[in-house]
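Visitor: I would like to go through this model and ask what stands behind each label. Please show it first.

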Amino acid sequence: SVLLRAARRLREREDIIFVLGGSGDNFEAIRQQARDLPNLRLTGWLNREQIYALLSHSHAGVVSGAPGTEAFPNKSFVYFSMGLPLLSSMEGDLRHFIEQKETGLYFHPDNDADLVNCILKLKDDPALQKKMSDNSRRVFLEKLDADKIYQAYADHVEHMAAKQHTGA
């Protein structure tokens with residue numbers, strides 16, 4: 001609902017389009033609420049290729065949740081992998097991560113005015129959007145890419161097992 005309210009606030013801006021992918025439990029209700037919003041697109045279900053094609057044309061990814069939510073949702077990793085700044089209402093590790101690594105902006109949960117401010121901040125400052133985009137992609141490649149972190153984790157486990165086995 002925070003995205004719908006933000007889209008409603010920005011409905012006159014032809015240069016800002018909201019795209020909601022998926023066909024979850026609330027799809028029909030969202031479709032009904034969004035029917036008068038010219039700046040909002042509902043894609044329905046997308047396969048992996050379609051998701052990546054859509055994200056390759058996007059300028060930011062939104063991760064929202066209920067107040068107090070401390071999740072680090074899987075979609076965050078997808079957004080980072082595509083070099084997208086995150087606009088997130090998540091508390092905890094994700095909030096700390098995007099602020100520390102300068103990979104996005106935090107908005108207060110369920111606060112559409114705050115989300116709109118974050119959107120406009122990125123839209124009105126292309127250098128900031130580019131910096132956060134570059135940071136997102138770099139951080140993904142350095143710290144979040146499964147091919148790299150799983151190998152490092154496996155190496156660590158093997159090292160610890162060998163150390164325990166030798167009594168070192």
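Visitor: In which helix is Ser-136 found?

Guide: This is a predicted model, and in it Ser-136 belongs to helix 7, residues 126-144.

Visitor: Why is Ser-136 called buried?

Guide: Its relative accessible area is 0%. Buried means under 20%, so Ser-136, at 0%, is buried.

Visitor: What makes the approach of the Ser-136 side chain to the backbone oxygen of Leu-84 a polar contact?

Guide: The side chain of Ser-136 reaches that oxygen at 3.1 Å. The cut-off for a pair of N or O atoms is 3.5 Å, so the pair at 3.1 Å counts.

Visitor: Which residues is Ser-136 in contact with, leaving aside its neighbours within four places in sequence?

Guide: They are Phe-80, Gly-83, Leu-84, Pro-85 and Thr-103. Phe-80 is also one of the buried residues of helix 4, with Ser-76, Tyr-79 and Ser-81. Just after helix 4 comes Gly-83, which takes a positive phi of about 70°.

Visitor: What do the buried residues of helix 4 pack against?

Guide: Their partners are helix 3 (48-55), strand 3, strand 4, helix 5 (93-101) and helix 7.

Visitor: How is helix 4 placed relative to strand 3 and strand 4?

Guide: Helix 4, residues 74-81, lies across both strands and runs at about 160° to strand 3. Angles over 145 degrees count as roughly antiparallel, so helix 4, at about 160°, is roughly antiparallel to strand 3.

Visitor: What makes the sheet in the order 3-4-5 an open one, with strand 3 and strand 5 at its edges?

Guide: Three strands form this sheet, and the pairing is parallel. Strand 3 (61-63) and strand 5 (104-106) each have a single partner strand, so one side of each is left without a neighbour in the sheet. Neighbouring strands here are turned by 15° against each other on average, direction ignored.

Visitor: How do you know that strand 4 and strand 5 pair?

Guide: Three bridges join strand 4, residues 86-88, to strand 5. Pairing needs at least two bridges, so these two strands, with three, are paired. Ser-88 has Tyr-106 in strand 5 as its bridge partner.

Visitor: And what about strand 1 and strand 2?

Guide: Strand 1 and strand 2 (residues 40-44) pair in the parallel sense over four bridges. At least two are required, so the four bridges meet the criterion. Phe-18 stands opposite Leu-40 in strand 2.

Visitor: Which side chains of strand 1 are buried?

Guide: In strand 1, residues 18-21, Phe-18 and Leu-20 point to one face and are buried, while Val-19 and Gly-21 point to the other and are not. In a regular strand the side chains alternate between the two faces of the sheet.

Visitor: Why are helix 6 and helix 7 called roughly perpendicular?

Guide: Helix 6, residues 112-124, packs against helix 7 at an angle of about 100°, with the axes 5 Å apart. The range for roughly perpendicular is 65 to 115 degrees, and about 100° falls inside it, so the label applies.

Visitor: Which residues meet where helix 6 and helix 7 pack?

Guide: Lys-121, Leu-122, Lys-123 and Asp-124 from helix 6 meet Pro-126, Leu-128, Gln-129 and Met-132 from helix 7. By class, this contact has four nonpolar, one polar and three charged residues.

Notes. Residues numbered from 1 in each chain as written. Predicted model: local features only at pLDDT ≥ 70, side-chain atom pairs only at ≥ 80, totals over all residues. Heavy atoms only, no water. Buried < 20%, exposed > 50% of the residue type's maximum accessible area, 1.4 Å probe, protein only. Polar contact = N/O pair within 3.5 Å; in protein donor to acceptor, adjacent residues only side chain to side chain. Contact = heavy atoms within 4.5 Å. Axes fitted to C-alpha atoms, helices over the stretch in contact; angles between N-to-C directions. Parallel < 35°, antiparallel > 145°, perpendicular 65-115°, else oblique. Nonpolar A, V, L, I, M, F, W, Y, C, P; charged D, E, K, R; others polar.
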